[in-house]
Amino acid sequence: MIEYIIALSLHVGMGDDYNSVHPRIQWNQDNMLVGAYLNSHSEISTFVAHRWEHEDFGLEVGLVTGYNIAPVVPFIKVDYRSWWAAPAIHEGDVGLVFGYEWKF
């Protein structure tokens, strides 16, 4: 199934000015995700991931492009209902990204 998502984010513990609006489109087939989104650097990122769910909690683990650390990097994202959090690294700064998303 194709899913359209708009996420808002807040970067904590990191410098610079980040994009906080992230439109995303993804294909979700049996909790395997493939998609693209506008990342925190206002560039397009593509990803592939697996999603696990338990009641109102979710966990996504995968690989993503579009960041300056390497051409492809691992990611992890946890969520509770529509709230989510993910660790982040940028130019030596380590922090967390928190957000809220709407699925259409």
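Below are some exercises on this predicted model, each with a worked solution.

## Exercise 1: Salt bridges around R51

**Task.** Find which salt bridges R51 makes with E60 and D79, and work out whether these residues are buried or exposed.

**Solution.**

Step 1. Start with the wide view: searching the whole structure turns up seven salt bridges. Side chains of opposite charge can pair when their charged atoms come close.

Step 2. Now zoom in on R51. Its salt bridge with E60 has the closest N and O atoms 3.0 Å apart. With D79, the N to O distance is 2.7 Å. That second pair reaches across the chain, as D79 sits in strand 6 (residues 72-80) and R51 in strand 4 (residues 44-54), 28 residues apart.

Step 3. Check burial, where the cut-off is under 20% relative accessible area. R51 comes in at 8%, so R51 is buried. E60 has 4%, so E60 is buried. D79 has 7%, so D79 counts as buried too.

## Exercise 2: From a pair to a network

**Task.** Take the salt bridge between E60 and K77, say where its two ends lie, and then list which residues are linked in a network of salt bridges.

**Solution.**

Step 1. The side chains of E60 and K77 meet at 3.9 Å, N to O. The cut-off for a salt bridge is within 4 Å, so this pair makes the list.

Step 2. Place the ends: E60 belongs to strand 5 (residues 57-65) and K77 to strand 6, with 17 residues separating them, and the pair links distant parts of the chain. E60 and K77 are both buried.

Step 3. Put the pieces together. The network of salt bridges links R24, R51, E53, E60, K77, D79 and E101.

## Exercise 3: Two hairpins

**Task.** Describe how strand 4 pairs with strand 3 and with strand 5, and find which residue takes a positive phi in each hairpin.

**Solution.**

Step 1. Take strand 3 (residues 32-38) and strand 4: they pair antiparallel, over seven bridges. To find the register, look at Y37, whose bridge partner in strand 4 is S45.

Step 2. Look at the turn. Five residues lie between strand 3 and strand 4 in this hairpin, and S42 in the turn has a positive phi of about 60 degrees.

Step 3. Go on to strand 4 and strand 5. They run antiparallel as well, joined by eight bridges. Here V48 has L63 in strand 5 as its bridge partner.

Step 4. This hairpin has two residues between the strands, and E55 takes a positive phi near 55 degrees.

## Exercise 4: Aromatic pairs

**Task.** Give the geometry of the pairs F47 with F75 and Y100 with W102, and say which residues form one aromatic cluster.

**Solution.**

Step 1. Across the whole structure, the search gives five aromatic pairs. F47 and F75 are edge-to-face, with 6.4 Å centre to centre and 90 degrees between the planes.

Step 2. Ask what that pair connects. F47 lies in strand 4 and F75 in strand 6, so the pair ties together parts 28 residues apart in sequence. Both F47 and F75 are buried.

Step 3. Y100 and W102 also form an edge-to-face pair, at 4.8 Å centre to centre and 70 degrees between the planes. Y100 has a relative accessibility of 25% and counts as partly exposed. W102, at 39%, is partly exposed too.

Step 4. Finish with the cluster: Y37, F47 and F75 form one.

## Exercise 5: Q26 and S82

**Task.** Describe the surroundings of Q26 in strand 2 and of S82 in its loop.

**Solution.**

Step 1. Q26 is in strand 2 (residues 21-29). Its relative accessibility is 4%, so Q26 counts as buried.

Step 2. List its polar contacts. The side chain of Q26 meets that of E3 at 2.6 Å, and that of R24 at 3.1 Å.

Step 3. Leaving out residues up to four places away in sequence, Q26 touches several others, including I5, L33, V34 and F47.

Step 4. Move to S82, in the loop between strand 6 and strand 7 (83-90). At 25% relative accessible area, S82 is partly exposed. With residues up to four places away in sequence not counted, S82 touches G99, Y100 and E101.

Step 5. Last, compare sequence and space: S82 and I2 are 80 residues apart in sequence and 18 Å apart in space, C-alpha to C-alpha.

Notes
Residues are numbered from 1 along each chain as its sequence is written. Side-chain values use heavy atoms; hydrogens and water are left out. Buried means under 20% relative accessible area, exposed over 50%, partly exposed in between (1.4 Å probe, protein chains only). Helices (H or I, at least four residues) and strands (E, at least two) are DSSP runs, numbered from the N terminus. Two strands pair if DSSP finds at least two bridges between them. Contact means heavy atoms within 4.5 Å. A polar contact is a pair of N or O atoms within 3.5 Å; within protein, one must be able to donate a hydrogen and the other to accept it, and residues adjacent in sequence count only if both atoms are side-chain atoms. Rings of Phe, Tyr and Trp (its six-membered ring) pair if their centres lie within 6.5 Å; planes under 30 degrees apart count as stacked, over 60 as edge-to-face and the rest as tilted.
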